[in-house]
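Work through the following exercises with the structure open beside the text, and try each task before reading its solution.

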Amino acid sequence: MRKIYYVAFFSLALVATTTAQVTRDTLVLVQGQMLKAADSTPVAGNILYEKLPYYDDMGMASTKPDGSFEIQLIKGETYNFSVKKSGFKKYNQELQVKGNQRFDIYVEEDVVELRKLENLIFARGSDQISPSSFEELNELAIWMNENPSIIIQLEGHTDFAGNPDANMRLSEARVIAVQEYLIDQKVKKSRIFTKAFGGSQPVTQDRSDEAKALNRRVEVRVIRR
């Protein structure tokens, strides 16, 4: 009985030693910084890493304020690094881990001077914002709060059917509703101008329902960075 006990103990000790050796030999440290591609200034944020091809090792790393990060990864494996941060283009880059190494991430600012709020929906003939629009408006608010020098103009448009004066009032009410939502998200009112166009600037002259939907829009114009 004593011999069996010693054999079992020796086997467990061998497994523990082997596991520790594998961990020590295969885990390496990847260090780097997340930086703006334009001028290499630091960017703070979260980095998602996933081992390819089966995603059986993954995690989220948060950078320090200076953009620096450290991640332990498995030597010899390939990982995909991805960053999704408001105000920046989505980033994806694969890295083959060869050992303790440096890996800097360069993210590009999403510079758009005029863009449509694609998922902004109002109740028919109303300035009431649909809850399905909140995610996009929250992203806009985050972007503005992270870039406090930016000033925008919200530009409201309707389709050109119906009474022009009523369309003008509706487009004005809708951009004000968006402005008030952003203010509720801690964006200063002085950074959000509004302008209403009614149906005077359609993107298409077609009278189909699809065309009318395209003409009904709120656009964000960056007027100062």
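**Exercise 1: The two faces of a strand**

In strand 3 of this predicted model, the side chains alternate, with Gly59 and Ala61 pointing to one face, where they are buried, while Met58, Met60 and Ser62 point to the other face and are not buried.

Task: Work out which residues of strand 3 are under 20% relative accessible area.

Solution: Begin with the general pattern, which is that side chains in a regular strand alternate between the two faces of the sheet. Then apply the cut-off, since buried means under 20% relative accessible area. The residues of strand 3 that are buried are Gly59 and Ala61, so these two fall under that limit.

**Exercise 2: Building the sheet**

Task: Determine in what order the four strands of the open sheet lie, and which of them are the edge strands.

Solution: Start with strand 2 and strand 3, which run antiparallel and are joined by five bridges; glutamate 50, for instance, has methionine 58 in strand 3 as its bridge partner. These strands form a hairpin with five residues between them, and tyrosine 55 in the turn has a positive phi of about 55 degrees. Next, turn to strand 5 (residues 78-83), which is also joined to strand 2 (residues 46-52) by five bridges and runs antiparallel to it, with phenylalanine 81 as the bridge partner of tyrosine 49. The complete order of the open sheet is 3-2-5-6, with antiparallel pairing. Its edge strands are strand 3 (58-62) and strand 6 (91-96), each of which pairs on one side only. On average, neighbouring strands of this sheet are turned by 25 degrees against each other, direction ignored.

**Exercise 3: An aromatic pair**

Task: Explain why the pair of phenylalanine 134 and tyrosine 181 counts as stacked, and decide whether each residue is buried or partly exposed.

Solution: The count of aromatic pairs comes to three. In the pair of phenylalanine 134 and tyrosine 181, the distance is 5.2 Å centre to centre and the angle between the planes is 25 degrees. Planes under 30 degrees apart count as stacked, and therefore this pair is stacked. The pair links distant parts of the chain, because phenylalanine 134 belongs to helix 2 and tyrosine 181 to helix 3 (residues 164-184), 47 residues apart. For the final step, compare the accessibilities: phenylalanine 134, at 31% relative accessibility, counts as partly exposed, whereas tyrosine 181, at 15%, counts as buried.

Key. Residues are numbered from 1 along each chain as its sequence is written. This is a predicted model: local features need pLDDT of at least 70, side-chain atom pairs count only at pLDDT 80 or more; totals for chains, interfaces and linings use all residues. Side-chain values use heavy atoms; hydrogens and water are left out. Two strands pair if DSSP finds at least two bridges between them. Axes are lines fitted to C-alpha atoms, for helices over the stretch in contact, and angles run from 0 to 180 degrees between N-to-C directions. Rings of Phe, Tyr and Trp (its six-membered ring) pair if their centres lie within 6.5 Å; planes under 30 degrees apart count as stacked, over 60 as edge-to-face and the rest as tilted. Buried means under 20% relative accessible area, exposed over 50%, partly exposed in between (1.4 Å probe, protein chains only).
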